[in-house]
Amino acid sequence: MTVGGGAGSTVTFVPGGAPVTVRLDVTAAADVPAGSLLRLTGLPAGLSARGLTAVTAGLRAGVGQAFAAAAPSPGSCAPSDAAAGAVDCALPVTLPGGTAVGLDLALDLTAAPLTARTVTLGVAVADGPVTDAALTLDVAAPVDTLTLSQAVLAVGARSQVTLSATRTAEIVDASRLGTLTVPASTVPGVTWTPTDDSCTSATADGRAALRCPVAEVLDGGVTFAVAVAEDTAPGAVPVTATDDYGHELPAGTLAVTATGGYLLPQLELPQTVHVGRNTRRVTLPLAPGVTAGSAVTVPRALPEPLNGVELVAVTPVDGGSCTQAGASTVCTPAPGSPLTLDVAVLVRPDAALSGPVTGAVGFPGGGSYAVTLYPGDVVVQPGYRSIVLTPPDRLVLGGPAAPLTITAAFVDDVDDPGAVELPRKLANGVVLRAPDRGWPAGCTATDTTLRCDPGTVDGPVTWTVAVAASTSASTSVVRPPVARLEGGRSLASTLSRDFVWGSDWTAYSLSATTALQAGRDATLVLDARASGTGDPGPFSFPARLSDGIVVTAATGGGCSVGDDTVTCDPGTGTDVRTRLAAAVLPSAGGTQQLPDVTAEATGSTVPMTADDPLTVTPRAVGDPIEYTGRVDAGTVGGALVGCGLLGQLRDSPTCAATVLPAATATLPAPGGRVLWAGLLLSAAGRGPTFPLADPVLTVNGTPYGLHSSGDQALPAVDQAGRPVAAPEVQTRVVDVTSLVGAGATVGVSVPSAVLSTYLKSPGRKPMVGWAVVVLWRSDGAAESVARVQFPEITDVEPGSGGFTARFAASDNGAAGAVRSADVVLWATDAFGDKRVSAGPATLSYPLAGVSRFLGPLAGTIEGRCVGLDVVHLSGRTDYGVAGSNAAAVTVSSGPTNTDTYVVGAVVTVAARPV
């Protein structure tokens, strides 16, 4: 067999393209049937035989002769010995002996790289002799061109670069396109990192590299994050990729700049700049493809020396950060964002700009941008937008100083606009003064000017000073002053409202029409004087004028009395007289200290004075308490203990005691100010003068221990009215005004040890009871006389048939119909038919039918009826007659063994002048 034709020629392959054919002219010595094997040996790795095709016409095709089961079909090839590079291909036609036949052998690249470029193929037909055929192999680049999406890199920045490729040759099998290798660091300091997992790490020429599939590069490209270190020198960075067959494919050249990856900022230049700290916002946009700009250095010194202008602060915006580094500020943007900075430029008042205000921003690698903040023809304006003076609602001529506020508003984006000077004299007689606490922070004053400096703050800022007007200012018109600013500039201020002249209360004098007696009414006269003209407005003072005097009503001067305050609004006028009805408290005594009076319009306070000292005569023990006007009274009470024995009680050396449950009761709701509240604690029995010292008063569930200091012991008399030196009935009165309020729930208890000691002492009727009496003022009450009468405590002997206590209707001569009377009784006897009558009319109230505040407190102990009753009498009876100030309350019982004691009483009489 001989082989000729294409043997010895050069064969060029394109990765991923169509197979390449090699012409074999084969002459067989004898006929070789179709389907016989043509064996090829010496195929290198990376190369494969795909099949045989006959190119000579007129040959007989194979008819499927029987071959081994593993033999290829006619025209196809299959490896027979891969280690030796042997391939068997079935002849597609019969080779006639002695005739040259043209056969095309299809060869193709495999996915593995080709290992040899010059090969000698051994060709044998039907196990015949081997004939050598020499071939030269070549492989083209898998792509025609490589390109880079980004042509600019920046020192210290991070950019995104896409490597893409073009190819004109048909792609038959993309899996055989191979890979491209890119250095992971093209030059020192420039690092390439894939943004996805399409590329893998590799090593090329001993350096780190990235191996990327050609198919990915052709299909939209492969994207890298390219970082340039800050110490990288600017310059050109060539980028070359290498394919699997050693072709170096240039992708282009990237320029590394020293602009930080930013574009030059564009600022709209203003026509004016303002005195003070001006803020310009500078944004450095990212250059195309840059994902993270470099750090930026902003020198504090302006490149051009400018008179009166300096860069004072650089502040990051939108997530960036800045730090101070010597005389510069170093700022870093947020990832993926442009760098936005607020640059503060301080323009001093004496600034005279002769050229543009230009700052600089520097980048790693030595690059910088010049940034013009203000043009050369900019006009310097004041940093204040407005200065507004707000005077008081009214200013009293010759009166006290009142607050005046100065509000300074700044121009937008300006702070620290410098100091403001205002004249202290606003008009004739109208002068600015320091408030009581001194000039406000940032303000100083001379005799003629007030100077205030806001400092570096966000506006607006307000200073509060004082303004005073003398009487000579009545004809003055206050016009807004011109404010002098630093640098010889000025700004006209404005008034938020006109000055209004007024008057003010300057003196309050109080006098009493009669002598002041504790526990009685008083009439006072208040003279108020004002300065200036116009309406001085209302004034007020505490309803409790002193420790011992409470105002209950007012007449004249536009005055009204509240629970805690008396308010007078007389209108226009300079001299006002008001009559005050007052209650002198039962505990009062001595010279009274008067309160301050407050002028509501100005807030000024002036002490109330007395023409003559207001001195209260103390109340004697047992004296009644009586007030007139819208007043009312009420009493509640309860029993602590009762005791009785069979036989004659007076001769019993001891007493077996029964202690009744502790009683509580709710006072009538006064609905107004409590004038006086007193606890009456009574005991019947032989023992110490005050056997029940230090009782406990419970008010609304809170206990209060009471001590004997300041208490009063009511006098006791016998049945003939003679004083008793050691009475068996004793009553103690404790002032509890400070504890008892409107509608309070009250109760009384004493230590059990005290009770026990008391009960074991000799005595014929050991009993204990209590009552709380309240006098109050209420706007809802009718005009009345409210009186607390403390009767002499009388021990009624058995068999006397009754007891009569007399009460004066009123010490001031008033008489009228009884509205209500509460009589407190403590009694024990063998009968339960005690009766109470009042007044000259024959009216009787059996105790069994009398309504009691506390319910049935009486009980039976060994046949004795004991208990404490609060007997409520109301209306229907004439309490005294005109000209007569006496009436009686009579308590009677059965014909014998009547032991009855009147502990206390409260009588309320409707006021009716005689």
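How many cavities of 30 Å³ or more does a search of the whole structure find? The search finds six of them, and the report begins with the largest before turning to the strands and to a few residues in loops. The structure is a predicted model, and the values below should be read with that in mind.

## The largest cavity

Among the six cavities that the search of the whole structure finds, the largest has a volume of about 100 Å³. The residues that line this largest cavity are V282, L284, V298, L311, L341, V343, G359, A360, V361, V371 and L373. When they are sorted by character, 10 of these lining residues are nonpolar, one is polar and none is charged.

Which strands each supply at least two residues of this lining? They are β22 (276-284), β28 (339-347), β29 (357-362) and β30 (368-374). The largest share, three residues, comes from β29.

## Strand β27 and its two partners

One residue of the cavity lining, V298, also leads to another part of the strand pattern, where its bridge partner in β27 is T329. The two strands concerned are β24 (residues 296-299) and β27 (residues 328-332), which pair in the antiparallel sense over four bridges.

Strand β27 also pairs with β26 (residues 321-325), again in the antiparallel sense, and here over five bridges. Within this pairing, C322 has C331 of β27 as its bridge partner. The strands β26 and β27 form a hairpin with two residues between them, and G326, which sits in the turn, has a positive phi of about 65 degrees.

As background for these pairings, strands of a sheet are held in pairs through backbone hydrogen bonds, and the pairing can be either parallel or antiparallel.

## A covered strand, β7

Is strand β7 (residues 86-90) mostly covered or mostly uncovered? This strand is mostly covered, since five of its five residues are buried. In a regular strand the side chains alternate between the two faces of the sheet, so it is useful to look at each face in turn. For β7, A86, D88 and A90 lie on one side, V87 and C89 lie on the other, and all of them are buried, which leaves both faces covered.

Strand β7 has antiparallel partners in both β4 and β6: four bridges join β4 (residues 37-41) to β7, and four bridges join β6 (residues 77-81) to β7. The residue C89 takes part in both pairings, because it is the bridge partner of L38 as well as the bridge partner of C77. The hairpin of β6 and β7 has four residues between the strands, and in this hairpin G85 takes a positive phi near 70 degrees.

## An open sheet of six strands

Elsewhere in the model, six strands make up an open sheet with the order β12-β20-β19-β14-β17-β16, and the pairing within this sheet is mixed. Why is one side of β12 and of β16 left without a neighbour in the sheet? The reason is that β12 (152-154) and β16 (200-204) stand at the edges, so each has a single partner strand. On average, and with direction ignored, neighbouring strands of this sheet are turned by 35 degrees against each other.

Within the sheet, strand β14 (residues 179-183) pairs with strand β19 (residues 235-243) in the antiparallel sense over two bridges. At this pairing, T181 stands opposite T242 in β19.

## Aspartates in loops

Two residues that are not glycines nevertheless have a positive phi: D413, with a value of about 65 degrees, and D416, with a value of about 55 degrees. D413 lies in the loop between β34 (402-410) and β35 (414-415), whereas D416 lies in the loop between β35 and β36 (420-423). Because its relative accessibility is 55%, D413 counts as exposed.

Another residue in a loop is D547, which is placed between β49 (539-542) and β50 (549-555). D547 is exposed, because its relative accessible area is 68%, where the cut-off for this word is over 50%. If its neighbours within four places in sequence are left aside, D547 is in contact with L585 and Q592. The C-alpha atoms of D547 and V584, which are 37 residues apart along the chain, are separated by 9.4 Å.

Technical notes. Residues numbered from 1 in each chain as written. Predicted model: local features only at pLDDT ≥ 70, side-chain atom pairs only at ≥ 80, totals over all residues. Heavy atoms only, no water. Pairing = 2+ DSSP bridges. Axes fitted to C-alpha atoms, helices over the stretch in contact; angles between N-to-C directions. 1 Å grid on protein atoms, 1.4 Å probe; cavity = no way out; pocket = protein on both sides within 12 Å on 5 of 7 lines; lining within 4 Å. Points joined across faces, edges and corners; volume = space filled by probe spheres on them. Nonpolar A, V, L, I, M, F, W, Y, C, P; charged D, E, K, R; others polar. Buried < 20%, exposed > 50% of the residue type's maximum accessible area, 1.4 Å probe, protein only. Contact = heavy atoms within 4.5 Å.
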